[in-house]
Amino acid sequence: LFTALTRPDLLAPWMGLLTKFKVPVAGICSLPLLSKDVLKLLKLNSRYLLLVTLQSSGGLRQTFFVDGEIKVSRLAVLQDASPARFTANMLGEVERLRRYLSSLRILPADEALDVYVLASDEVQADVERHSPTSITARHHVIPLAEAAQKVGIKQPYQSRFADHLFAHVVARLSPPNQYAPAPQTRYFRLHRVRRITIAASLFLLM
């Protein structure tokens, strides 16, 4: 219920094409749930932690953790996601979420929120310059290029969005299917059976 895929219609055209051409689909994964794996790969372990990333859809993904467990995740659509306006818009959205968490008492009033922002080179300096540190929030900027290396991306990270980083984590960890129903993963199951059959045949032949 709390990690529901609220707009499956967005995926329908893609899934229809993949099924039509019998492409093996291993599953559909949730980016917020995947953030927990990103947290481990980056070795971030603050008690009250907010991971902030910019997605190519123009959305600011904010995922809140308590002791490494996801409590809230929110995608805020930025009206202006350009580098010139990113810092101001990002700080406004983070403060809005912090107040919301405090009002729910998920974030205690006497505890500071550690905000980790995965930022591209073009906004890193601006974020560091304008991100205040106070008794309610501590801001930490992690360059996207540095984060990419920590999750195992060897090539230079060129994008200002975190999509490629999350996609690499999916490919590296192969998380279990979360949303795809059985008909959509049928060809993936057949693909695995075929590989197992070939391997068993080679073993018997040897």
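The following exercises, each with a worked solution, concern the sheet, the helices and the pockets of a predicted model.

**Exercise 1. Determine the strand order of the open sheet, and find which strands lie at its edges.**

Solution. Begin with the pairing, bearing in mind that strands of a sheet pair through backbone hydrogen bonds, either parallel or antiparallel. Reading across the open sheet, the five strands come in the order β3-β2-β1-β4-β5, and their pairing is mixed. Next, look for strands that pair on one side only, a condition met by β3 and by β5 (137–143), the edge strands. From one strand to the next, the twist averages 20°. Finally, take one pair in detail: β2 (residues 59–66) is joined to β3 by eight bridges in the antiparallel sense, and T63 stands opposite S73 of β3.

**Exercise 2. Describe how helices α3 and α4 are placed relative to the sheet.**

Solution. Start with α3 (residues 83–103), which lies across β1 (48–54), β2, β3, β4 (113–119) and β5, and runs at about 35° to β2. Then turn to α4 (residues 121–130), which packs on the sheet by touching β4 and β5, its direction making about 160° with that of β5.

**Exercise 3. Classify the relative orientation of α5 and α6, and list the residues through which they meet.**

Solution. First consider the geometry: the axes of α5 (residues 144–151) and α6 (residues 163–173) come within 10 Å and cross at roughly 5°. Because angles under 35 degrees count as roughly parallel, α5 is roughly parallel to α6. Now collect the contacts, in which L144, A147, A148, K150 and V151 of α5 meet L165, H168, V169 and R172 of α6. Sorted by class, the contact of α5 with α6 contains six nonpolar residues, one polar residue and two charged residues.

**Exercise 4. Characterise the lining of the largest pocket and that of the second largest pocket.**

Solution. Take the largest pocket, which holds about 1,600 Å³ of space. Among its 34 lining residues, those closest to the centre are L5, C29, L31, P32 and R61. The elements that each give two or more residues to this lining are α1 (12–20), α2 (31–42), β3 (69–77) and α6, with the largest share, six residues, coming from β3. By class, the lining comprises 22 nonpolar, eight polar and four charged residues. Proceed to the second largest pocket, whose volume is about 210 Å³ and whose lining consists of A26, G27, C29, V170, S174, P175, P176, N177 and F188. Here the division is six nonpolar, three polar and no charged residues.

Conventions
Residues are numbered from 1 along each chain as its sequence is written. This is a predicted model: local features need pLDDT of at least 70, side-chain atom pairs count only at pLDDT 80 or more; totals for chains, interfaces and linings use all residues. Side-chain values use heavy atoms; hydrogens and water are left out. Axes are lines fitted to C-alpha atoms, for helices over the stretch in contact, and angles run from 0 to 180 degrees between N-to-C directions. Helices (H or I, at least four residues) and strands (E, at least two) are DSSP runs, numbered from the N terminus. Angles under 35 degrees count as roughly parallel, over 145 as roughly antiparallel, 65 to 115 as roughly perpendicular and the rest as oblique. Contact means heavy atoms within 4.5 Å. Ala, Val, Leu, Ile, Met, Phe, Trp, Tyr, Cys and Pro count as nonpolar, Asp, Glu, Lys and Arg as charged, and the others, Gly among them, as polar. On a 1 Å grid over the protein atoms alone, a cavity is a set of points where a 1.4 Å probe fits but cannot get out, and a pocket is an open set with protein on both sides within 12 Å along at least five of seven lines; lining residues have an atom within 4 Å of a point. Grid points are joined across faces, edges and corners, and a volume is the space filled by probe spheres set on the points. Two strands pair if DSSP finds at least two bridges between them.
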